[in-house]
Amino acid sequence: MEKYVDIIMQRNDREDFVKALEILAKAFEDKNTLVIINAVGISLDKKVEFLASICNTNKKEIINLLKVLGINSKLDKIPSLYSRLVKKIALENNIYYADIYSKDKMSDSDISKHEKELSNYFKKDIKLRNIIHDKNEIKIYIEDLGYEIIVSELSLKEKIKQHIMKAI
């Protein structure tokens, strides 16, 4: 997929590709889209026509990309292509996307506060996405910087115990 990303990155109209791929990536969240794309009885031209209609484009270059992906049996990789493209554009703009895992949904103000703190610490623009998980911990993972921090309820209790023991 990297070769497709690199080719799109070099284009002057890459924003058109990003918009089209974003729409298609969202369409793939509906598993019926994947069923249609993987259907053996539907021709490649019909699949490309279907995808072009979803992203409402008749731009020749985007349709050619869809055809090339189809010929190489990679139409189902469109969501991956989109996420890699977005990531590469973000890195080009010195923006790093990261995930913050929490048991409950975090408020927008809390997320903004953490983004600002991390951005100041790393001297980079950090954008956080809140992901809900079932653990009693908060985890921040910035893949591109190789940074991960986990604060668990258990480790906090242990630190408080140690602090109390030192005070006694």
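In the predicted model, Arg14 is buried, with a relative accessible area of 15%. This value falls under the 20% limit below which a residue is called buried. Arg14 belongs to helix 2, which covers residues 14-27. When residues up to four places away in sequence are left out, Arg14 is in contact with Ile8, Met9, Ile89 and Glu92. One of these residues, Met9, also takes part in a polar contact: the side chain of Arg14 reaches the backbone oxygen of Met9 at 3.4 Å.

A second buried residue with a charged side chain is Glu115, whose relative accessibility is 16%. Glu115 is placed in helix 7, formed by residues 108-122. Apart from residues up to four places away in sequence, Glu115 touches Ile126, Lys127 and Leu128. With Leu128 there is a polar contact as well, since a polar atom of the Glu115 side chain lies 2.8 Å from the backbone nitrogen of Leu128. In both cases, then, a side chain is paired with a backbone atom: the oxygen of Met9 for Arg14, and the nitrogen of Leu128 for Glu115. Glu115 was also compared in position with Asp45. These two residues are separated by 70 residues in sequence and, from C-alpha to C-alpha, by 44 Å in space.

The chain as a whole contains 8 helices and 4 strands. Read from the N terminus, the order of these elements is α-α-α-α-α-α-β-α-β-β-β-α. The radius of gyration is 21 Å, whereas the globule rule gives 15 Å for 168 residues; the chain is therefore more spread out than a compact globule. The C-alpha trace spans about 75 × 35 × 25 Å along its principal axes.

Burial and contacts were also computed over the full chain. Of the 168 residues, 33% count as buried; Arg14 and Glu115 are among them. For contacts between residues at least 6 apart in sequence, 66% join residues that are at least 24 apart. The accessible surface of the chain amounts to about 11,200 Å², and carbon and sulfur atoms account for 52% of this area.

Finally, the charged side chains were counted. The chain carries 30 positive and 27 negative side chains. The centre of the positive set and the centre of the negative set lie 2 Å apart.

Terms used:
Residues numbered from 1 in each chain as written. Predicted model: local features only at pLDDT ≥ 70, side-chain atom pairs only at ≥ 80, totals over all residues. Heavy atoms only, no water. Helix = DSSP H or I, 4+ residues; strand = E, 2+ residues; numbered from the N terminus. Buried < 20%, exposed > 50% of the residue type's maximum accessible area, 1.4 Å probe, protein only. Polar contact = N/O pair within 3.5 Å; in protein donor to acceptor, adjacent residues only side chain to side chain. Contact = heavy atoms within 4.5 Å. Rg over C-alpha atoms; globule rule 2.2 N^0.38 Å. Areas by Shrake-Rupley, 256 points an atom, 1.4 Å probe, with all protein chains shown as cover. Lys, Arg positive; Asp, Glu negative; His and termini not counted. Charge placed at Lys NZ, Arg CZ, Asp CG, Glu CD.
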